[in-house]
Amino acid sequence: MSGALSLSARRTPPGVFVALVLTLAIGWLIVTVDGGRLFSLPTTVSLLHVAAGLGLVAVGQTLVIVGGSLDLSVAYVVSLSTLVAAETMAGDDGALLPAIGLTLAVSATIGFVNGLLVTHARINPFIATVGVGLLLKGYLDNGYDGPAGKTAPALVQGLGYQRIGPVPMSFLLLLAVAAAAWFVLARTRFGHHLIAVGGDPEVARLSGVRGSRVLVTAHVLCALCAGLAGVYLASRLGAGAPRVGTEGLYDLESIAAVVLGGTALAGGRGGVVGTVGGVLLLASIDAIFNQLEVDVFFKQVIRGVIIIAAVAVYARRAMRKAS
Amino acid sequence: MSGLPPSPLLALRGIGKSFLGVRVLDGVDLQVRPGDVHAVVGENGAGKSTLMKVVSGVYQPDEGTVEFAGAPRTFRSPREAQQAGIGIVYQELTLLPERTVAENVWLGHEPLRRGLVDRRAMLSHTAGLLASIGEGSLPPDTRVGRLGVAQQQVVEIVKALALDARLLIMDEPTAALADHEVDQLYALLRRLQEHGIGVLYVSHRLKEVFDLSGRITVLKDGRAVATLDTADTSADQLVRHMVGRELSNYYPDPAKPQELGPVRLTVRDGGNRKLRGIDLRLRAGEVLGVGGLQGSGRSALARALFGAAPFSTGQVTVDGAPVRLRSPRAAIRAGIAYVSEDRKGEGIVAEQSVLDNALLAGRAVRPGRVGRGARTARVRELLAAVELRAAGEDQEIRFLSGGNQQKVVLARWLALAPRILLFDEPTRGIDVGAKSAIHDLVRRLARDGAAVLMVSSELPELLGMSDRIIVMRDGRIAGELPAGATEEDVVALAVGTVGEAAG
């Protein structure tokens with residue numbers, strides 16, 4: 001791995017893909033010995049569905065983390081988005097596009113507020129976005145006891161269940177969003193400035209970058225991605241679900257995926273390619289454990305260990321580079 | 001370059017600047033012509049950095065005018081100065097290690113093509129700029145973190161050139177460079193000159209000033225005391241312009257020979273990242289002054305002796321017994337106390353009371369209930385002995401004046417009855433009255449048998465307080481001076497016009 005670094009270190013996708021291949025190979029072996037099949041059609045489809053939901057959130061999360069910020073409100077944004085989408089559609093295909101538009105507008109507004117709190121009110125992103133998240137939680141807990149609204153059948157059909165071979169539409173949506181995010185980071189001024197702000201806000205400022213504007217935009221994009229994940233989950237569930245975001249641990253898992261993908265939590269280094277790898281890795285572990293019918297709680301423990309180990313490996317590498 | 005001299009690129013006329021009533025710059029005139037390398041020299045605190053910050057738009061002058069390229073200008077921000085064509089190469093590099101050379105050079109003004117960043121143009125423009133200053137071998141798509149300091153400086157300069165800089169301000173550009181890298185910088189500067197770019201070069205190192213510059217302006221106490229043609233000037237002349245002040249303040253009497261006790265502390269061949277080959281003896285009853293320029297290793301020496309940034313090589317003894325000063329805790333246990341130059345950051349806990357601050361080290365090193373009452377009583381005595389002026393011992397220390405804060409820090413250490421005291425800039429940011437109180441205290445401690453090492457960048461204080469002075473340069477002890485040395489002696493050692501043998 002490290003040999004390849006010498007040529008174009010920056011563009012080499014991080015070791016997460018090696019880890020992914022190894023995990024799938026070892027997982028396949030164990031599952032086969034256990035008498036199951038890891039790469040059957042249903043398992044593969046379900047793996048890609050899990051990856052699609054988490055991936056949409058994680059791609060957005062990558063943008064804010066690269067900029068040196070963080071968004072812990074995404075899980076609540078996901079929940080709220082399923083409700084806004086399903087309730088506005090109310091089972092009517094005609095309301096499909098307005099409903100999606102409204103959902104994204106609501107998400108973007110939340111992201112905008114997050115961004116303003118972080119930049120203009122200078123509140124630590126951790127606190128600011130947890131605060132906004134709790135605010136949304138209050139609204140959701142107060143207004144909803146269970147599922148509400150009804151997703152438009154066309155959306156359930158198209159985004160929720162349609163697939164090309166084993167690949168669901170939703171996973172293609174993730175790939176499209178990830179590609180767009182990659183393009184933004186690599187080929188737009190905004191992307192360059194975002195990475196610079198995450199790397200060193202003072203250097204960026206002295207170079208004439210308007211840091212606040214850049215970070216607010218990143219927060220809006222992050223919330224938009226969470227909103228899109230909400231729309232997708234509404235298509236899967238057929239209704240709005242007020243707890244789907246928190247129960248799916250979309251906040252912590254999205255950050256875990258970003259970090260597994262090699263993006264520095266402090267900002268300034270990383271990208272969406274690695275994040276997609278991290279998402280696939282987490283989804284694969286999930287699929288393998290499901291096949292093995294491992295206890296849910298034990299599964300969490302193993303995931304925790306993997307994330308800590310991965311970050312430790314990155315930290316060691318960073319130290320070696322520094323010395 | 002014959003005939004009429006070209007009109008100046010930069011002309012400063014009568015620049016004055018005050019902070020909180022203190023005049024930092026006073027009527028400074030200075031001119032830089034295209035293709036000139038104009039050096040600005042002076043002691044610490046002479047006003048060099050303030051002057052550079054005025055030119056680069058960080059500060060606005062209270063008086064006087066800045067003319068650039070023939071027109072009077074007011075720069076309200078570094079950005080405005082950059083856009084006008086004034087590039088700054090900061091002492092600390094302002095690059096992003098995770099980004100490529102080209103990405104760093106064009107940060108903030110990336111070339112666009114159909115709304116998108118034109119990577120090809122970015123790379124080729126960067127390559128062109130690098131080639132134009134003879135650094136064509138540096139690939140523009142390398143990550144900056146992989147480059148050495150000298151190459152990073154090249155990138156920094158190219159970054160300024162990408163904004164069409166016609167004047168470059170370089171503040172101590174060689175501070176972080178190795179010798180062969182300095183040569184590269186020399187060559188680079190000559191090429192910039194050929195392109196007609198003016199350079200304002202701030203340096204402590206006289207050798208560089210003489211190698212590079214065409215003209216030199218000497219700043220002293222905020223005034224431009226001389227502007228000289230380098231060719232007609234000798235190093236001695238320059239040093240004489242830099243120093244020469246009356247020793248007007250009062251200082252306590254130095255130690256008499258019979259007051260000097262046995263050797264308390266020795267260092268043999270001590271070294272770490274910032275220090276090399278330190279040999280040192282410190283006797284009970286003496287005040288050993290440590291002089292040198294900023295970054296010469298003065299503070300590093302004090303921090304090494306206190307275990308804050310320990311020696312990695314060499315031997316240290318205290319009272320004849322070998323000790324390993326691996327941490328401040330170990331040093332405190334060996335009887336060493338340290339008063340940091342960064343009082344706010346390392347000296348006091350701003351939001352705790354006077355008493356808590358004074359008890360801090362005692363509580364940490366000798367915790368437990370035994371003797372607690374006695375300790376508090378002792379600290380109270382000491383606070384009275386140092387003539388602390390505070391509303392009460394429960395007052396938060398941040399509301400005290402700098403001098404009184406320093407007295408609390410002193411009381412904290414005195415409570416541990418240290419045998420060796422390390423002071424780093426003990427009177428920085430302290431008003432004149434409190435200053436002499438601190439000076440008296442330091443001398444009294446020595447008289448009571450403590451060995452004192454005192455770092456100071458204020459020459460009068462260094463000369464007035466010390467029984468002996470060592471001068472640091474580039475992490476080594478450049479030389480030692482007896483009591484009665486002059487400012488010129490210290491500066492000459494510090495900037496390296498004498499005592500090269502030590503290097």
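In this predicted model, B:I336 stands opposite B:I420 in strand β19 of chain B. The two residues belong to neighbouring strands: β18(B), residues 336-339, runs parallel to β19(B) and is joined to it by 4 bridges. On β19(B), B:L422 stands opposite B:L453 in β20(B). That pairing, between β19(B) and β20(B) (residues 451-455), is also in the parallel sense and extends over 5 bridges.

Strand β19(B) covers residues 420-424, and 5 of its 5 residues are buried, so the strand is largely enclosed by the rest of the structure. B:I420, B:L422 and B:D424 point one way, while B:L421 and B:F423 point the other way. In a regular strand the side chains alternate between the two faces of the sheet. Here the residues on both sides of β19(B) are buried, B:D424 included.

A second pairing in chain B joins β21(B), residues 468-473, to β22(B) in the antiparallel sense over 6 bridges. The strand pairs described so far are set out below.

| Strand pair | Sense | Bridges |
|---|---|---|
| β18(B) and β19(B) | parallel | 4 bridges |
| β19(B) and β20(B) | parallel | 5 bridges |
| β21(B) and β22(B) | antiparallel | 6 bridges |

Within the antiparallel pair, B:V471 has B:G479 of β22(B) as its bridge partner. The two strands form a hairpin with 2 residues between them, and B:D474 in this hairpin takes a positive phi near 50 degrees. Strand β22(B), residues 476-482, is mostly covered, with 5 of its 7 residues buried.

B:V471 also takes part in contacts with a helix. B:A494, in helix α17(B) (residues 487-495), is in contact with B:V471 and B:R473, and also with B:G291, B:G292, B:L293 and B:S296, leaving aside its neighbours within four places in sequence. B:A494 counts as buried because 27 other C-beta atoms lie within 10 Å, where 20 or more are required. The C-alpha atom of B:A494 is 31 Å from that of B:I86, a residue 408 places away along the chain.

Two other helices of chain B have their buried residues listed. Helix α1(B), residues 48-55, has 6 of its 8 residues buried and is therefore largely enclosed by the rest of the structure. The buried residues are B:K48, B:T50, B:L51, B:M52, B:V54 and B:V55. After α1(B) comes B:G57, with a positive phi near 85 degrees. In helix α12(B), residues 354-365, the buried residues are B:V354, B:L355, B:N357, B:A358, B:L359, B:A361 and B:G362. These pack against α10(B) (328-333), α13(B) (372-385) and α14(B) (402-414).

On the scale of the whole chain, B is divided into domain 1 (10-242), domain 2 (257-335 + 418-502) and domain 3 (355-417). The C-alpha centres of domains 1 and 2 of chain B lie 34 Å apart. Each of these two domains gives 11 residues to the contact between them. On the domain 1 side, α7(B) (206-212) and α8(B) (235-242) are the elements that give two or more residues, and α8(B) has the largest share, 4 residues. By type, this side divides into 5 nonpolar, 2 polar and 4 charged residues.

Chain B also meets chain A, with 17 residues of chain B in contact with 17 residues of chain A. On the chain B side, α2(B) (78-84) and β8(B) (116-117) are the elements that give two or more residues. The residues of this side divide into 7 nonpolar, 4 polar and 6 charged.

For chain A, an unreviewed UniProt entry places the feature "transmembrane region" at several spans, among them 214-235 and 296-315. In the model, residues 214-235 of chain A are 100% helix and 0% strand, with end C-alpha atoms 32 Å apart. Residues 296-315 of chain A are likewise 100% helix and 0% strand, and the end C-alpha atoms are 29 Å apart.

The largest nonpolar core has 247 residues. Those with the most contacts inside it are A:A51, A:C225, B:L168, B:L422 and B:V452. Helix α11(A), residues 211-237, gives the most to this core, with 17 residues. Leaving aside its neighbours within four places in sequence, A:C225 is in contact with A:L56, A:V57, A:V59, A:G60 and A:V177.

Methods:
Residues are numbered from 1 along each chain as its sequence is written. Chains are lettered from A and ligands numbered from 1 in the order in which they are written. This is a predicted model: local features need pLDDT of at least 70, side-chain atom pairs count only at pLDDT 80 or more; totals for chains, interfaces and linings use all residues. Domain bounds come from an automatic or database domain assignment. Two residues are in contact if their C-beta atoms, placed from the backbone, lie within 7 Å. Ala, Val, Leu, Ile, Met, Phe, Trp, Tyr, Cys and Pro count as nonpolar, Asp, Glu, Lys and Arg as charged, and the others, Gly among them, as polar. A residue is buried if 20 or more other C-beta atoms lie within 10 Å of its own, exposed if 12 or fewer, and partly exposed in between; C-beta atoms are placed from the backbone. UniProt positions are given in the numbering used here, feature names are shortened, and annotations may be inferred rather than shown by experiment. A nonpolar core is a set of buried Ala, Val, Leu, Ile, Met, Phe, Trp, Tyr and Cys residues joined through C-beta atoms within 7 Å. Two strands pair if DSSP finds at least two bridges between them.
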